[in-house]
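Hi,

Here is the structure I promised to pass on. Have a look at it first, and then read my notes below.

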Protein chains: 2
Amino acid sequence: MTESTATRRSRITPEREAELYEAVLDLLREVGYDALTMDAVAARTRSSKATLYRQWGGKPELVAKAVRHSKPGRTGDLDTGSLRGDFHALVAREDDCAMEQNSALMRGLFMAVHHNPDLLQAFKELLIEPEMAEFQRVLRRAVERGEVRADNPALEYVVHMLIGAFATRALIDDQPPTQAFLASYIDAVVLPALGVPAR
Amino acid sequence: MTESTATRRSRITPEREAELYEAVLDLLREVGYDALTMDAVAARTRSSKATLYRQWGGKPELVAKAVRHSKPGRTGDLDTGSLRGDFHALVAREDDCAMEQNSALMRGLFMAVHHNPDLLQAFKELLIEPEMAEFQRVLRRAVERGEVRADNPALEYVVHMLIGAFATRALIDDQPPTQAFLASYIDAVVLPALGVPAR
């Protein structure tokens with residue numbers, strides 16, 4: 001029994017999982033969230049719908065995991081020794097082309113979230129909360145090093161500042177955020193709000 | 001000739017204009033931008049479609065003007081003598097109930113903008129650019145008073161910071177922005193980034 005469960009689980013290798021997530025992102029870019037079906041994912045990836053449901057639970061979870069997978073490494077891995085270093089390393093991980101692609105994809109998904117509470121829930125659990133926890137680790141280290149005062153009220157608004165930069169760049173400035181834009185925003189806004197000298 | 005033009009223009013009084021904008025906003029809340037028709041606006045307001053087109057040019061312009069009209073007064077009217085005073089006065093103008101209503105409406109319209117370039121254009125010309133120009137006046141006065149250094153790099157990101165607070169509050173914190181939230185964000189983020197003591 002135990003062996004059969006293990007065998008069943010191991011049927012999906014990390015390579016296969018990555019391939020599957022790529023196919024889901026491709027389909028999302030082609031048809032959008034609402035028109036995406038588990039049938040299409042199964043056909044595109046030559047897997048059975050039963051496997052997809054067993055492994056991911058449903059479309060919202062599969063989509064949230066695929067988006068999570070497309071993000072470069074985990075923030076927690078970064079430890080450059082300074083908050084400015086950590087933030088700039090974060091920005092440098094995703095190149096401008098990936099950022100442009102993700103920007104369009106994320107805008108589409110944020111719209112889908114509006115009328116799909118299941119997707120919002122999956123996004124929160126599988127994407128937003130883990131990313132925020134990783135941010136918290138970067139910030140906690142900065143507090144422990146004495147770079148940021150533990151009672152600095154901007155600590156709880158870091159995600160608001162950063163998402164604002166992303167969303168506004170796309171909507172108002174009508175261009176995807178670039179590494180140069182985000183690096184400049186971090187130095188001009190995020191670090192000064194946290195009381196950390198930008199240079 | 002001149003008289004007849006004047007007569008035609010004066011056919012729409014400010015009261016009638018306000019009534020018409022209210023009807024447009026009601027319809028937007030009921031059916032959303034894509035399903036809103038000029039026929040429905042004409043029927044609801046007992047006006048002719050010809051009048052609507054002559055006065056506003058088209059649906060995107062009518063919607064942008066209606067949203068602009070729903071915003072409280074102009075930022076340029078505010079002059080409390082300090083940047084913190086001006087920002088807090090701005091936040092205090094719109095009560096939480098109006099902010100909650102507008103937050104849902106604006107989210108819907110931001111989605112419509114995504115696939116309606118005409119609406120994006122009208123929003124930029126009639127709503128975003130005038131609001132940004134008014135912000136620039138508030139900030140210019142702060143620079144002239146010596147509160148903010150003219151070369152402070154955060155000056156060009158004030159709109160990004162503020163829109164980030166609005167958008168993130170709705171999307172991630174899952175609640176409409178309130179006056180208390182925005183006042184706290186201004187003190188914690190916007191003023192420190194601009195080098196102005198919050199208290």
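**How the two copies are arranged**

In this predicted model, a turn of 180 degrees with a shift of 0.0 Å along the axis lays chain B on chain A, at an RMSD of 0.0 Å. The two copies are therefore related as by a two-fold rotation axis. Which residue of chain B comes closest to that axis? That is Gly164(B), whose C-alpha sits 1.5 Å from the axis. As for the interface, 100% of the interface residues of chain B are also interface residues in chain A, so the copies meet through the same surface.

**The fold of one chain**

Chain A has ten helices and zero strands, so its elements read α-α-α-α-α-α-α-α-α-α from the N terminus on. Of the 199 residues in chain A, 45% are buried. Among the contacts in chain A with a separation of 6 or more, 68% are between residues 24 or more positions apart.

**The core**

The largest nonpolar core holds 60 residues, and the ones that touch the most other members are Phe87(A), Met161(A), Leu194(A), Phe87(B), Met161(B) and Leu194(B). Both chains feed this core: helix 6 (83-93), helix 8 (117-144), helix 9 (158-171) and helix 10 (179-193) of chain A each supply at least two of its residues, and so do helix 6 (83-93), helix 8 (117-144), helix 9 (158-171) and helix 10 (179-193) of chain B.

Met161(B) is a good place to zoom in. Leaving aside neighbours within four places in sequence, Met161(B) is in contact with Tyr185(A) and Val189(A) from chain A. Within chain B, its contacts on that count are Ala154(B), Tyr185(B), Val189(B), Val190(B) and Ala193(B).

**The annotated stretch and its loop**

An unreviewed UniProt entry places the feature "DNA-binding region" at residues 37-56 of chain A. In the model that span is 80% helix and 0% strand, and its end C-alpha atoms lie 14 Å apart.

Have a look at Arg46(A) too, in the loop between helix 3 (38-45) and helix 4 (49-56) of chain A. Its phi is near 50 degrees, a positive value in a residue other than glycine. Is the residue buried or exposed? Arg46(A) is exposed, with a relative accessible area of 74%. In chain B, Arg46(B) is placed in the loop between helix 3 (38-45) and helix 4 (49-56), has a positive phi of about 50 degrees although it is not a glycine, and counts as exposed at 75% relative accessibility.

**Cysteines**

How many disulfides are there over all chains? The count comes to zero. Cys97(A) is exposed, with a relative accessible area of 53%, and Cys97(B) counts as exposed at 54%.

**Where to be careful**

The mean pLDDT of chain A is 85, and 88% of its residues reach 70 or more. Confidence in chain A is highest in helix 3, at a mean of 96, and lowest in helix 1 (residues 2-10), at 45. Over residues 1-8 of chain A the pLDDT is below 50, and beyond near neighbours in sequence this stretch has one contact in the model. Where pLDDT is low, the predicted coordinates should not be read in detail.

Cheers

Definitions and conventions: Residues are numbered from 1 along each chain as its sequence is written. Chains are lettered from A and ligands numbered from 1 in the order in which they are written. This is a predicted model: local features need pLDDT of at least 70, side-chain atom pairs count only at pLDDT 80 or more; totals for chains, interfaces and linings use all residues. Side-chain values use heavy atoms; hydrogens and water are left out. Helices (H or I, at least four residues) and strands (E, at least two) are DSSP runs, numbered from the N terminus. Buried means under 20% relative accessible area, exposed over 50%, partly exposed in between (1.4 Å probe, protein chains only). Copies are superposed by least squares on the C-alpha atoms of residues with pLDDT of at least 70 in both. Contact means heavy atoms within 4.5 Å. A nonpolar core is a set of buried Ala, Val, Leu, Ile, Met, Phe, Trp, Tyr and Cys residues joined through side-chain atoms within 4.5 Å. pLDDT is the predictor's confidence in each residue, from 0 to 100. UniProt positions are given in the numbering used here, feature names are shortened, and annotations may be inferred rather than shown by experiment. A disulfide is a pair of cysteine sulfur atoms within 2.5 Å.
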